[in-house]
Amino acid sequence: MPAPKPPPPPAPAAANYRPTKAMPPNRTVSQPKVPLQQPTSKKNPLKSTKLFRRVKSVFKSFPIITTPCKMPVPIHAGRPHDGHIHGGKQMTGTLFGYRKSRINLAIQENPRCLPMLVLELSINTGKLLHDMGMGLIRIALECEKNHKEKIKLMDEPIWTLYCNGRKSGYAVKRDPTDDDLNVIQMLHATSMGAGVLPIESSEGELTYMRACFERVVGSKDSETYYMMNPDGNSGPELSIFFVRI
């Protein structure tokens with residue numbers, strides 16, 4: 001006798017299927033920024049930018065000239081440098097700017113601090129970084145002493161700029177802008193190095209060079225920053241002199 005047929009398979013449950021509510025797509029949570037600290041020497045909040053805007057409007061009209069000029073006498077001239085601290089305070093210095101634009105200098109107590117000083121220099125960013133790769137660079141910043149006003153050296157608003165003994169325009173002190181703080185924020189974990197940041201404009205790539213500097217205070221009218229080499233075998237490639245005469 002023939003074998004009994006197997007029972008038919010159960011009806012698919014598709015007819016009874018009710019789709020659940022769609023899950024919301026995963027949202028990318030941006031990582032919180034590491035807050036920049038106030039430098040220990042910064043007791044007062046940032047000053048108004050009114051003076052900076054006035055000075056900058058005049059500064060932009062200055063041409064970049066290269067008239068030969070006598071280099072100011074460096075502090076501790078003739079002192080040997082081997083890349084190590086010689087009684088000075090270690091600071092963080094950053095040169096940054098778009099390749100086709102003027103370069104900026106920011107000085108911090110450490111990479112996680114707000115800048116103590118921001119200067120806009122009338123030197124092309126690409127040219128200065130290229131020249132640094134070719135040899136020693138000495139930047140001297142001079143200003144005149146005003147006996148009627150008592151102002152700290154690093155609070156002077158405008159400087160005459162010399163690069164390797166040649167007058168190269170001016171430098172203007174300004175309060176850090178949002179763009180400046182964005183660069184500092186992006187580099188908060190970098191103690192030294194050079195490269196390109198992922199920010200572009202019509203003025204080219206945003207390049208930077210960061211290093212440790214030895215700060216040597218000669219007097220209330222003179223201060224020097226010597227770039228320190230990590231290998232300690234050769235002298236600094238960059239020296240920055242602040243002189244009030």
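In the predicted model, seven bridges join strand β4, which spans residues 137-143, to strand β10, and the two strands run parallel. Within this pairing, Arg138 has Ser239 of β10 as its bridge partner. Strand β10 also pairs with strand β9 (residues 222-227), in this case in the antiparallel sense and over five bridges. Here Tyr226 is the residue that stands opposite Ser239, so that Ser239 is named in the pairing with Arg138 as well as in the pairing with Tyr226, under the criterion that two strands pair if DSSP finds at least two bridges between them.

Strand β10 itself, which comprises residues 238-244, is mostly covered, seven of its seven residues being buried. The residues of β10 point in two directions, with Leu238, Ile240, Phe242 and Arg244 on one side and Ser239, Phe241 and Val243 on the other, and all of them are buried. Arg244 counts as buried because its relative accessibility is 10%, which falls under the 20% limit.

The surroundings of Arg244 include several charged residues. The side chain of Arg244 meets that of Glu156 in a salt bridge, with an N to O distance of 2.8 Å. Because Arg244 belongs to strand β10 whereas Glu156 is placed in the loop between β4 and β5 (158-163), this pair ties together parts that are 88 residues apart in sequence. Glu156, at 9% relative accessibility, likewise counts as buried.

Asp221 is a further residue in contact with Arg244, and it is located in the loop between β8 (204-219) and β9. With a relative accessible area of 11%, Asp221 is buried. When residues up to four places away in sequence are not counted, Asp221 touches Lys145, Leu153, Phe242, Val243 and Arg244. Two polar contacts are made by the side chain of Asp221 with residues of this set, one with the side chain of Lys145 at 2.9 Å and another with the side chain of Arg244 at 2.7 Å. Asp221 and Met154 are separated by 67 residues in sequence, while their C-alpha atoms are 9.4 Å apart in space.

By the criterion applied, the count of salt bridges comes to nine. One of these is formed between the side chains of Arg215 and Glu223, at 2.8 Å from N to O. The two partners differ in burial class, since Arg215 is partly exposed with a relative accessible area of 22%, whereas Glu223 is buried with a relative accessible area of 5%. Elsewhere, salt bridges that share partners join Lys145, Glu156, Asp221 and Arg244 into one network.

Another salt bridge is found in helix α2, where Asp131 pairs with Lys127 and the closest N and O atoms are 2.8 Å apart. Both residues lie in this helix and are four residues apart, a spacing of about one turn. An α-helix has 3.6 residues a turn, so residues three or four places apart point the same way. Asp131 is partly exposed, its relative accessible area being 22%. The buried residues of α2, which covers residues 125-134, are Thr125, Gly126, Leu128 and Met132. At the N-terminal end of α2, Asn124 acts as a cap, with a side-chain oxygen 3.0 Å from the backbone nitrogen of Gly126.

Thr94 is situated in strand β1, which spans residues 89-98, and is buried with a relative accessible area of 0%. The side chains of Thr94 and Arg210 are joined by a polar contact of 2.8 Å. With its neighbours within four places in sequence left aside, Thr94 is in contact with Asn104, Leu105, Ala106, Gln108, Leu187, Met209 and Arg210.

With regard to cysteines, the structure holds zero disulfides. Cys113 is buried, with a relative accessible area of 2%, and Cys163 is also buried, with a relative accessible area of 14%.

How values were computed. Residues numbered from 1 in each chain as written. Predicted model: local features only at pLDDT ≥ 70, side-chain atom pairs only at ≥ 80, totals over all residues. Heavy atoms only, no water. Buried < 20%, exposed > 50% of the residue type's maximum accessible area, 1.4 Å probe, protein only. Polar contact = N/O pair within 3.5 Å; in protein donor to acceptor, adjacent residues only side chain to side chain. Contact = heavy atoms within 4.5 Å. Salt bridge = Lys/Arg side-chain N within 4 Å of Asp/Glu carboxyl O. Disulfide = S-S within 2.5 Å.
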